[in-house]
Amino acid sequence: MKRLLVAFGLGICPLVTGAMSPEEEIKAKVPAALAILEKWEQESPEKGERKLHIVYWTPKDREPSPKHRERLTAILEDIRDFYAGEMQRIGFGPRTIGLDYSDDGLLNIHLVKGRKDYPAYGPSSGGEIRNESLPTLRAAGIDPGKETVVIFCNMSNWDPAKGRINQNSPYYAGGSHRNGTAWQVDSPILELGSLAKKNPKVRDGQYGHISIGRYNSIFIGGVCHELGHALGLPHNRERPDEREAFGTALMGSGNRTYGEDRRNEGRGSFLTLAHALKLAAHPMFSGSVKRMDQGSTAKIDDLVVEPVGKGFRVTGKVTADPPVHALIGYMDPAGGGDYDATTCTAVPDADGRFVLEANALVPGGNQEFRIVACQVNGASSTYVGSNSPWEIPYSVGPSGEVDLSLHQSSQLLETLIGKVNAKDKDGARRELERLREAGVDGGSLQAASTLVGTLDEQKWVDPLTTDEGELSLTVVKPVEVKVGWGSPVVNRVPDPKALIQAGGKLYARGLYAHAPAVHRWNLGGKWMKIEGDVGLVSAGSQGSCVFVVFADGKQVWRSKKLQGQEVQSYSLDLTGVKELELRVEDAGDGKGSDWGFWLDPVLTR
C-alpha cells in the first residue's frame, strides 16, 4: 500500500493506492471525510430535525392488523439502532434515522383506508396506494414531496391454523437526500420478538418452509433494506474481503440476513463503507439542512483510467459547491441489475484529486464501473434508478485480465463526440479525417463515421424497390415509431455520450428504443431474414427491458429480461413477411432507465 498525504482543513487526507483491508480502508478514509463534513456543518450551521413519516395503509374491506403500532414501533426502533450502530462502527458516530412519536410513546402512524377492496390491489399498486395516502399526510401538515415516507401495506394473508402466510403487496422504494418513499408489507407475525426464534415454522408463499425467525429476518430486513433505497442508496453487494470481515451487505442480500446472528445462524447484515459515506451527509443523519434542496453540482475533470494488475485505477479531479466528501465506485458485472455491484471508495484531497482502486473484479464478461460523487449537503450525482454521468465500460477475461478498450475508444472519440453534440458539421468532419490519418482502428472509425453522418438529413431506402441484398434496418423508413422517452433517433444515443455501447462492444449502427417502444415497417414479403443484437446501452445500465419481434402480427421471438451490460443475439426467418414490428417492453418494473437498443439490425434476401 502506498500513501500520498495531503493537508486538508482540520487534518490529513490520504490519497491511498494499493490494496487495503476493509478495516484499514475505514481507518484511512473516514476521518478525512468526517473533517470535510464537519467543516461544512459548522460554518454558518442550519440545524434541522428530519424524521420518517409512517403510513399504515389498509384496503377498504380490511381492518389494520392486530397491534400494528406496537409491533412497528419496536421494529423501526431496532432498524434505527442498526443504522446507528453501523455508522458508529464505521466512525461517523451514531448518525441514524429520526422517528416521530406520539404522546403515548408509540410511533405516530397515519392510518389510511384504501378506496377499494383487497382484490383490487397488488404489487404494482404502489403509486395508487401512495396517492390514496397523500390527503392524510397533507392534512397532518406533511409535504410528501419533501419528506421520507414509509408505507406499510396491510396486504398479507395469515392462516394461523395452517401456519401459512403469503403477501400480495408493493415492496420497493426510491428516494434521495430530499425525499423518498418505501412500500412495505405488514402481517400479524411481523414482530421483533420473533426475530431470535428458531421455532415455530411457517410456510411462506415465496420463501417456503422457514422458521418464524427467518421470516422476520427477511421481512424486517426488507424494511431496513427498502428504507435504504428511500434514503437514496442503490444496491451493492459486499466484496469478498468485506464478507469475511463483516457479513452480508444490507443493500445486497442483507434484507434476508438481518438479525440472523441473534439465532446464531450467520454473521447478519452490515452497512458498507460506501453507503455509510453517503448516509453521513443525508440531512436526516447529519442533522444539517443547510442547502439540502440543492441537487448535485459535481464535475469531474482529468479522468484517467489505467490497468493495475487484475484491476484498474481511476484518478481525477472533482469540483463542486458545496464540496464533495466522498466518491464511490460501483463495479457492476453484466446481468442481475445492480444487485451484484461491489464498491470502492475515495476521499478527495484539498485540490479535489481522488484515486479509486477497482480491484474486486469478477472474472468473465462485460462489466461497468460507475462513479458517484457525494456532497456534504446530502446531494449525490446518482440516486436509486438513475445513471452516473461517469460510467466506464470494461470486461474481465476468464483469468482475470482487464480489457479497457471500449473506454479507450470513447476517450479517443471524445473531441468528435463534442463536435457532433454541438452540431458542428465541419468540425466533426475535420476531426473524422484526423482520426483516419492517425490510423484509428476500423471499429472506432466506423462508429465515428456513422456518428458524423447523423448530422446530415436522413436518407431512407425503400425496402420494396431496392436491389440491395443486405440492408441495415437503420436506413429503412418505418411506418410507425414510438419511444418511451425522448424522440426517436438512429445510429446514436440521445445522450451527450452519443456512442452506442452495449455488452462491452461499440456498435456503429442501431435503433434507439427506450421502453415502451414500437418500430414497424412494411417489407412487402421481399426479405428472408433479420438478425442483430439487443440490449441496453450504457446510459441505461440501471434499467431492464424485454425485446419482442412480431411478423405479420404474430410474435416470433422474445428475448429474456436484459439488464446492465447484457446483450442477446437473434436471427429470424422473414420469408413472406409483409409487416415487421419490433417492440421493447419495460420488463414489468417500470420504464425508468430502460434505454433499449436494436443493435446493428440487418435485413437480408
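The expected span of a helix is taken as 1.5 Å times one less than its number of residues. In the predicted model described here, this yardstick can be applied to helix H2, which runs over residues 68-90 and has 23 residues. From its first C-alpha to its last, H2 reaches 33 Å, close to the 33 Å expected at 1.5 Å a residue. The helix is followed by Gly91, whose phi is positive and lies near 120°.

Aromatic side chains supply a further set of features, for the count of aromatic pairs in the model comes to 17. One of these pairs is formed by Tyr171 and Phe219, whose ring centres are 6.0 Å apart and whose planes meet at 85°; because planes over 60 degrees apart count as edge-to-face, the pair is assigned to that class. The two residues belong to distant parts of the chain, 48 residues apart: Tyr171 is placed in the loop between strand E7 (164-167) and strand E8 (173-175), while Phe219 is part of helix H4 (residues 212-230). Their surroundings can also be described by accessibility, since Tyr171 has a relative accessible area of 23% and is therefore partly exposed, whereas Phe219, at 4%, counts as buried.

A second pair, made by Phe246 and Phe270, is tilted, with 5.4 Å from centre to centre and 50° between the planes. Phe246 lies in helix H5 (residues 240-246) and Phe270 in strand E13 (residues 269-270), so this pair ties together parts that are 24 residues apart in sequence. Both Phe246 and Phe270 are buried. Elsewhere, ring pairs link Phe82, Tyr83, Tyr258 and Phe285 into a cluster.

Aromatic rings are also found beneath charged groups. The charged end of Lys116 sits over the ring of Tyr121, at 5.5 Å from the ring centre, and the charged end of Arg605 is placed over the ring of Trp527, at 3.9 Å from its centre.

A charged residue in another setting is Glu25, which is found in helix H1 (residues 22-42). Because buried means under 20% relative accessible area, Glu25, with a value of 6%, counts as buried. The side chain of Glu25 is joined to that of Arg239 by a polar contact of 3.1 Å. When residues up to four places away in sequence are not counted, Glu25 touches Met20, Arg239, Leu273 and Thr345, and Arg239 thus appears both in this list of neighbours and as the partner in the polar contact.

Notes. Residues are numbered from 1 along each chain as its sequence is written. This is a predicted model: local features need pLDDT of at least 70, side-chain atom pairs count only at pLDDT 80 or more; totals for chains, interfaces and linings use all residues. Side-chain values use heavy atoms; hydrogens and water are left out. Helices (H or I, at least four residues) and strands (E, at least two) are DSSP runs, numbered from the N terminus. Rings of Phe, Tyr and Trp (its six-membered ring) pair if their centres lie within 6.5 Å; planes under 30 degrees apart count as stacked, over 60 as edge-to-face and the rest as tilted. Buried means under 20% relative accessible area, exposed over 50%, partly exposed in between (1.4 Å probe, protein chains only). A charge sits over a ring if NZ of Lys or CZ of Arg is within 6 Å of the ring centre and within 35 degrees of the ring normal. A polar contact is a pair of N or O atoms within 3.5 Å; within protein, one must be able to donate a hydrogen and the other to accept it, and residues adjacent in sequence count only if both atoms are side-chain atoms. Contact means heavy atoms within 4.5 Å.
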